[in-house]
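Good morning, everyone, and thank you for making the time. I would like to walk you slowly through one structure, beginning with its ligand and then moving on to a few details of the chain itself.

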Amino acid sequence: MKCTKCGSDAVMKDGDWLTCLNCGNVMFDTRRPEETAAEISPTKLLEQMEAAAAQEEAPPLRRTRPEKKRKSRRKAKDAADKAEEKNPVKDIVDFMLAGKDASYKDMELKGECMETVTDSTMYNPANGSLLTEAREFNLMFKTTIGATSDENDPNATGWLRPETAQSIFCQYKNILDSSRVKLPFGIAQIGKSFRNEINPRNFTFRSREFEQMEIEYFCRPEDGLRLVDEWLEHRLCFYDEVGVPREHIHILDVPDGERAFYSKKTYDLEYEFPFGIQELEGIAYRTDYDLSCHQKGSGRPLEYFDEETREKFIPHVVEPSAGCDRTILAIICEAYDEEELVDDKGKKDVRTVLRFVPRMAPIKAAIFPLLKKNGEQVRIAREIEKTLQPWMSVFYDETGAVGRRYRRQDEVGTPFCITVDFETLGENDASLKGTVTIRHRDSMKQERVAIEDLLHWLIARIR
Ligand code: ATP
């Protein structure tokens, strides 16, 4: 792994951490164990240092005889330089010795220590490696605002938002005054959030830039606890509808002491990803904490006036907060299937298919002329494409055998394939003229539908 700051290869592993020996940058090791297997362990490093120390004690290279040709001297020097260059251990040891009045010989080989250590916070309990001093992490991304702003000007400092929620709270008053809504009401937002995650991994599951979907549901204080349960039910229905069955979602009622300090009730919805059970969404009853803070910080009243009861109060809020990327990943995990097939001749095959619920499929229907050389089939297929396109995403394909085209669509999860064939032209059976073959992705069954009914037929099935 290269240093993320200076790009140097000279990094040393210490438990889960890597220290750049060039610039001192400390990085979290995000690689998998198999990627680091070939790495120099501290023990190996010490062995190699010993060898290097022995080399240092060895007599210097014999001088080249003056009468030898200049060319061969250059060659020998190049080889020596190269050997020196290639030794990463030397870089590491040189770095350790930099600025110190010491040489390899002065270094003591300690080796691995096997004694049991108790009551110590100096070592990683998982692997015994020495821990660094506790350090602060920057969890948010800092930037400077203004084209000519100075990095050191505190007034030019800005932070990338780590959640979408706070922009909803900033807009709450505008929305309340302009749309004249009454409690309870919700404001939903979807957008980018940025977190300086220590350990980004697992595809889009944990990234530093991600898409968040949040709802702030404003309510009367006495309704908060009831509404958090109602939202739990709504959210489970949502996951069901997008293809993640509620039976596959673990509901964690976050106990006292583990919730954020302002939350009176929090549910975490978790999903069993291939890399473990992980959070999909949090649903939290955040009381009036956020709006009270905004009111205090802005000095502007953010209270709600209830015309019926003539009361003024800061609304409470229930917040379902979900990751869009994680939801999509869960949908893909649910949909992915490798189906074993046996053809008429008993030959086995595996079909890769994404069984998206049709409303979530990126392509709703694929349209094929059976033969790309048949002008009439191509014309009708193109016409169908034109008719469907304003209503849904469709894909036209005329290359390769139709069976291969079906398989390609299975792999991207297209629920319906429409084929314009010889029956469409009325060539084999006049009664089938003007109909197309529809092939279903999941069952692979085929049926005939009239072209004029196609749009309604599809709309009823993709909503
Ligand atoms: P985690 O414990 O997994 O870090 P969190 O409790 O910090 O998540 P919240 O602050 O509640 O997450 O954010 C709401 C949702 O945003 C999470 O449930 C998750 O789906 C999503 N999310 C949070 N961090 C990330 C990330 N780094 N990458 C992708 N999605 C994320």
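Let us start at the ligand, which has 16 residues around it, and of these R195, E197, S207, E279 and L280 come nearest. Please keep in mind throughout that what you see is a predicted model.

If we sort the shell around the ligand by class, we find 6 charged residues and 6 polar ones, together with 4 that are nonpolar. Which strands supply at least two residues each to this shell? They are β7, covering 209–219, β10, covering 276–287, and β13, covering 316–323, and it is β10 that gives the most, with 4 residues.

Now let us look at individual contacts, where both backbone and side-chain atoms of the protein take part. A backbone N or O atom of S207, one of the residues that come nearest, lies 2.8 Å from a nitrogen atom of the ligand, and a polar backbone atom of F205 is 3.2 Å from a ligand nitrogen. R206, by contrast, uses its side chain, with a polar atom placed 2.9 Å from an oxygen atom of the ligand. How much of the ligand does the protein bury? Taken alone the ligand exposes 580 Å², and 78% of that is buried by the protein. As for where the ligand sits, it is in the second largest pocket.

Let me turn to charged pairs within the protein. Side chains of opposite charge can pair when their charged atoms come close, and in this model the count comes to 29 salt bridges. One of them joins R246 to E233, with the closest N and O atoms 2.9 Å apart. This pair links distant parts of the chain, 13 residues apart, since E233 belongs to helix α6 (224–242) whereas R246 is in the loop between α6 and β8 (249–253).

Finally, there are two backbone details. Most residues other than glycine have a negative phi, and most peptide bonds are trans. The peptide bond from L183 to P184, however, is cis, with omega near -5 degrees, and P184 lies in the loop between α5 (165–179) and β6 (185–194). D119 is not a glycine, and yet it has a positive phi of about 55 degrees; this residue is found in the loop between α4 (88–97) and β4 (142–144).

How values were computed
Residues numbered from 1 in each chain as written. Predicted model: local features only at pLDDT ≥ 70, side-chain atom pairs only at ≥ 80, totals over all residues. Heavy atoms only, no water. Near = heavy atom within 4 Å. Polar contact = N/O pair within 3.5 Å; in protein donor to acceptor, adjacent residues only side chain to side chain. Areas by Shrake-Rupley, 256 points an atom, 1.4 Å probe, with all protein chains shown as cover. 1 Å grid on protein atoms, 1.4 Å probe; cavity = no way out; pocket = protein on both sides within 12 Å on 5 of 7 lines; lining within 4 Å. Sits in = over half its atoms within 2 Å of the grid points. Nonpolar A, V, L, I, M, F, W, Y, C, P; charged D, E, K, R; others polar. Salt bridge = Lys/Arg side-chain N within 4 Å of Asp/Glu carboxyl O.
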